[in-house]
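This report describes a single protein chain, beginning with its cysteines and moving on to its core, one of its helices and several individual residues.

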Amino acid sequence: MNNKKKLPAILLVTSALVVVTACGNNTAEKNNSTNNHNHTSNTAAATAKAPTGNAAAGNSGNAAKASYKYGKLKIQALSGAVCGAPSYVAYEKGFFAEEGLDVELVSGSMDTMKTGLTTGEFTVTNGDFVWFTSIQQGLDLKVIGGLHHGCIKLVVPPGSDIKTAADLKGKRIGVDEIGGVPMAVASVVLTNAGLDPQKDVQWLAYPLDQLQEGVKKGEIDVYAAWDPFGKLAEVNNGYTVLSDISTDANFAGKSCCFLYASGKKIKEDPERVAAIARAYQKATAWIAEHPEETAKLEIEKKYVATDDVKLVTDLIESYHFNFTTDAAQEDVRYFVKQFSKTGFLKKDTDPEEFLKTAYYDVFGAVK
């Protein structure tokens, strides 16, 4: 590997999606712009395919309604991601239909998503911190709710002398891409351990399914990755989890993925956006009550490309699905402070000013 790099002053983020992972877009359309959580895996499963049933044709089969108050809606959600569960569940359990939405779940790239959110082709997206940088760069996009915790882990191999984050000084950290969200998350861990992520470590980029090979070859000491890679390393290969953002003090209790809405569509039809949010609220509540059923649904309907019910259930339970609004605002404030210290966002980013631009009170606005 000849791609050793220091953390740039401002990270140009194009994060990606693991198959059987976090929130994002479909691996089938990986192009020159890497998707939000759009990583391909040979470890956990093959690339996810469109689900069985009629997701690609809309959810009219889930509710015997002759018409829908808010009409047809496309959501780019066929990502192969475990934590894409709110979209799958809202579709399969009829929550979209209950809210008057005739939904079609589709796949696509990050570029397609950005364009669609700008033009209004897409109304919402389930995404992570990568959209913070897009908002800062001028994309008219709003956080309308928090969805879940966790989904990235920083892991060390068996026998490593690295026991705490402070021990990472001088070490080589593997990530899926320079400037991606796992790198940004690891940088927060480093900063809060008193280290400078730009000077005290080396960053090396590998395809997700080659990170462990990088460790075996002695090229990297630890790695940060989307689930399920960290989880599988722990369970199957005896790795130790140095930081799990579902439990790490720097992240615990805070959303790592949010529901975002197009500013254009909010202006055009705020009630429709609120209906979408209610469907996601119902879906996250159902997931929290039925983690194993959610796992089985994802597997049986082929939303994720694995048959490991226990693995998927464990991941779902660790994500603590819950649609939040007030807490989501606090989470945005908190992470703006954290990421402006590491370079993921501009150093002078003011959390309150960012929140004014980035947050929309989806329920309060339509009362």
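In this predicted model, Cys83 is buried, since its relative accessible area is 0%. Cys256 takes part in no disulfide, and the nearest cysteine sulfur, belonging to Cys151, lies 3.4 Å away. Because a disulfide requires two cysteine sulfur atoms within 2.5 Å, the distance of 3.4 Å between the sulfurs of Cys256 and Cys151 does not qualify. A search of the whole structure finds zero disulfides. Cys256 counts as buried, with a relative accessibility of 3%.

**Overall architecture**

The secondary structure of the chain consists of 13 helices and 13 strands. The chain has 367 residues, of which 61% count as buried. Its accessible surface is about 13,700 Å², and carbon and sulfur atoms account for 47% of that area. Where contacts join residues at least 6 apart in sequence, 78% of them link residues at least 24 apart.

**Nonpolar core**

In soluble globular proteins, nonpolar side chains tend to be buried together. The largest nonpolar core here contains 115 residues, and the members that touch the most others are Phe129 and Phe132. Helix α9 (residues 270-289) provides the largest share of this core, with 10 residues. Beyond its neighbours within four places in sequence, Phe129 is in contact with Val181, Val185, Ser255, Cys256, Phe258, Tyr260, Phe335, Phe339 and Phe344.

**Helix α12**

Two of the contacts of Phe129, Phe335 and Phe339, are among the buried residues of α12. Helix α12 covers residues 326-342, and its 17 residues should span 24 Å at 1.5 Å a residue; the end C-alpha atoms are 25 Å apart, which agrees. The buried residues of α12 also include Ala328, Val332 and Val336, together with polar or charged ones such as Gln329, Asp331 and Arg333. The buried residues of this helix pack against α4 (130-136), β7 (141-148), α5 (181-192), β13 (257-262) and α13 (351-358). Just after α12, Gly343 adopts a positive phi of about 105°.

**Individual residues**

The table gives the accessibility of three residues discussed below.

| Residue | Relative accessibility | Class |
|---|---|---|
| Lys153 | 5% | buried |
| Asp221 | 19% | buried |
| Asn237 | 36% | partly exposed |

Lys153 belongs to strand β8 (residues 152-156). The side chains of Lys153 and Asp227 form a polar contact at 2.8 Å. Not counting residues up to four places away in sequence, Lys153 touches Tyr223, Ala224, Ala225, Asp227, Gly230, Lys231, Val241, Ser243 and Asp244.

Asp221 is located in the loop between α6 (211-216) and β11 (222-226). Because buried means under 20% relative accessible area, Asp221 falls in that class at 19%. A polar atom of the Asp221 side chain lies 2.7 Å from the backbone nitrogen of Arg172. Apart from neighbours within four places in sequence, Asp221 is in contact with Pro157, Ile162, Lys171 and Arg172.

Asn237 lies in helix α7 (residues 229-237). Leaving aside neighbours within four places in sequence, Asn237 is in contact with Pro158, Gln212 and Leu232. Asn237 and Gln212 are 25 residues apart along the chain, and their C-alpha atoms are separated by 9.5 Å.

Conventions:
Residues numbered from 1 in each chain as written. Predicted model: local features only at pLDDT ≥ 70, side-chain atom pairs only at ≥ 80, totals over all residues. Heavy atoms only, no water. Helix = DSSP H or I, 4+ residues; strand = E, 2+ residues; numbered from the N terminus. Buried < 20%, exposed > 50% of the residue type's maximum accessible area, 1.4 Å probe, protein only. Polar contact = N/O pair within 3.5 Å; in protein donor to acceptor, adjacent residues only side chain to side chain. Contact = heavy atoms within 4.5 Å. Areas by Shrake-Rupley, 256 points an atom, 1.4 Å probe, with all protein chains shown as cover. Core = buried A, V, L, I, M, F, W, Y, C linked by side-chain atoms within 4.5 Å. Expected span 1.5 Å × (residues − 1).
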